[in-house]
Amino acid sequence: MITTGETVSLKHETQKNISLYINGEFTSAASGKTIKNMNPFTNEQINEVAEGQSDDIDKAVAAAREAFDHGPWKTMKLKDRMAYIYRIADLIDEEIEKIAYLEALDTGLPISQTRNMVSRASENFRFYARMVESRLVGDAYQVDDEFINYTIHSPVGVAGLITPWNAPFMLETWKVAPALATGNTVVLKPAELSPLSANLLAEVIHKAELPKGVFNVVHGYGETAGDALVRHPDVQLISFTGETTTGSTIIKNSADTLKSCSMELGGKSPIIVFDDADFERALDACVWGIYSFNGERCTANSRLFLQEGIQEKFIEALKIRVASIKVGDPLDARTEVGPLIDKGHYTKVKGYLDVAKEEGADVITANIPTQFARGNFVAPTLILNAENHMRVAQEEIFGPVLTVMTFKDEEEVIKLANDIDYGLAGYVWTNDIKRGHRVAHKVEAGMLWVNAQNVRDLRTPFGGSKSSGIGREGGHYGFDFYTELKVIHVSIEEHRIQQFGKK
């Protein structure tokens, strides 16, 4: 845990301005411009961040390209490259409390939750080191006694990684770890709203002494720095996590240079609770799944479907639980819901509460205590008597807001769950395990949990369908994105070759 003295030291450190990290050096933006980084709890300025633009992206990509084409990274022995990856993990472990503090300060996420996320970040590096060592393998195909054909995985080149402001450090490492472990070089464009932990990741990797240019960070806005990265001809891959409209734009803008794209986009995930479900466990999972991380989670179970026989009891229990959630200072270990990321997002989420009332639903929310009036707080909220066609049931709110609906039977709820543009995740609660499997098979989503909350297994693929994304990362599935599969044909016999033009 962080002591009082350490907190004072960290507060002083966060006042330092944040630089770009290009070719192994921390540097100002070419334009000299900066972005004000605001505290979502107080709406006061934390520090300033170098605003990278196209010139800075050009420098970062040139460094990454040089490091890939002429540096030792992709050609060094596997054990040597993995030693760097394990070293990064060890250095992250040394900074867990610091990163957790910075993440809570920067995003408004409760520190008890950022601490758990950061502890997972180092495992991302260790996991992908182990995966490359054990699972980055090819196949061999023998053709009689004439040929042996085999496949190998080669790093693709420069990977452009664009990450969101929710859970930034964990999601940055989720992309950086497999990209580096497979031999690519990286240009990371973090979200401009949460730059603190991305800067610390650069400091960690700098301390690990990776070859210059292998890892670069360019802070800036998506419309400038992000777009320049997407359009750059020397970038082969774009991995993006964020909202669907931006993802669609990225795919369009990367088309001219034929980039591979991996898109993890928005969600409006259903949680389906049947009458026979374990009541208390389903209640726990439902509340945690939407109100943890301030509701700013792509896999949040934001649409609750209750079977009619259980609806009254479950809704009454929800009201009691939601009213008891502790809202407050994200740096207070007791806080369960903190402020939203910024004023713009706060306004958007609050606007949906008005939309719900206009559409005829009932909104149950609470007043925020006056001592927190400066922050971007939306109290944990229930929207009752909703219908699936309403905007609040169809559009991603991305806040601590649960839309509640009911259903009669299995057939109806599958239809309701699938009647939406999104398809990222889903949750099914029933003690009829056959029904659990049936419903999970029929719900249109990339990931389903049966009688479980959102527990990730790094070995499994992560991604969605429909408007929730394209591609899969996680486990060995990410190798399809971060490596190029090459086939080598080797003749082992004097096989016949047709002789054109020979007399």
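Begin by selecting residues 27-488, the span that UniProt, in an unreviewed entry, lists as "domain: Aldehyde dehydrogenase". The model on screen is a predicted one, and in it the C-alpha atoms at the two ends of residues 27-488 lie 43 Å apart, while the span itself is 41% helix and 20% strand.

Next, select Glu264, which the unreviewed UniProt entry gives under "active site". Colouring by secondary structure places Glu264 in strand β11, which covers residues 260-264. Is Glu264 buried or exposed? With a relative accessible area of 10%, Glu264 falls under the 20% limit and therefore counts as buried. To display its surroundings, add Phe240, Thr241, Gly242, Cys298, Leu424, Phe462 and Ser468, which Glu264 touches when residues up to four places away in sequence are left out.

From there, turn to the nonpolar interior, where the largest core has 102 residues, and show Leu180, Phe215, Val273, Leu304, Phe314 and Leu318, which have the most contacts inside that core. Helix α5, residues 111-135, gives the most to this core, contributing 10 residues. Centre the view on Leu318 and, again not counting residues up to four places away in sequence, it can be seen to touch Leu283, Cys286, Val287, Leu304, Leu382, Leu402 and Val404. Apart from the largest core lies another, of 28 residues, which can be located by selecting some of its members, including Tyr352, Ala356, Ala393 and Ile414.

Return now to helix α5 and pick out Arg130, which lies in that helix. Arg130 has a relative accessible area of 36%, a value between the limits of 20% and 50%, and so it is classed as partly exposed. Leaving aside neighbours within four places in sequence, the residues to show around Arg130 are Tyr86, Glu123 and Arg135, with which it is in contact. For a sense of scale, draw a C-alpha to C-alpha distance from Arg130 to Gln53: the two are 77 residues apart in sequence and 36 Å apart in space.

The last stop is a pair of helices, α4 (residues 96-107) and α6 (residues 168-181), whose axes come within 9 Å and cross at roughly 115°. Which residues make the contact between α4 and α6? On the α4 side, select Ile99, Glu103 and Thr107, and on the α6 side Pro168, Phe169 and Met170. Colouring this contact by residue class shows 4 nonpolar, 1 polar and 1 charged residues.

Note on methods
Residues numbered from 1 in each chain as written. Predicted model: local features only at pLDDT ≥ 70, side-chain atom pairs only at ≥ 80, totals over all residues. Heavy atoms only, no water. Core = buried A, V, L, I, M, F, W, Y, C linked by side-chain atoms within 4.5 Å. Buried < 20%, exposed > 50% of the residue type's maximum accessible area, 1.4 Å probe, protein only. Helix = DSSP H or I, 4+ residues; strand = E, 2+ residues; numbered from the N terminus. Contact = heavy atoms within 4.5 Å. UniProt positions renumbered as here; feature names shortened; annotations may be inferred. Axes fitted to C-alpha atoms, helices over the stretch in contact; angles between N-to-C directions. Nonpolar A, V, L, I, M, F, W, Y, C, P; charged D, E, K, R; others polar.
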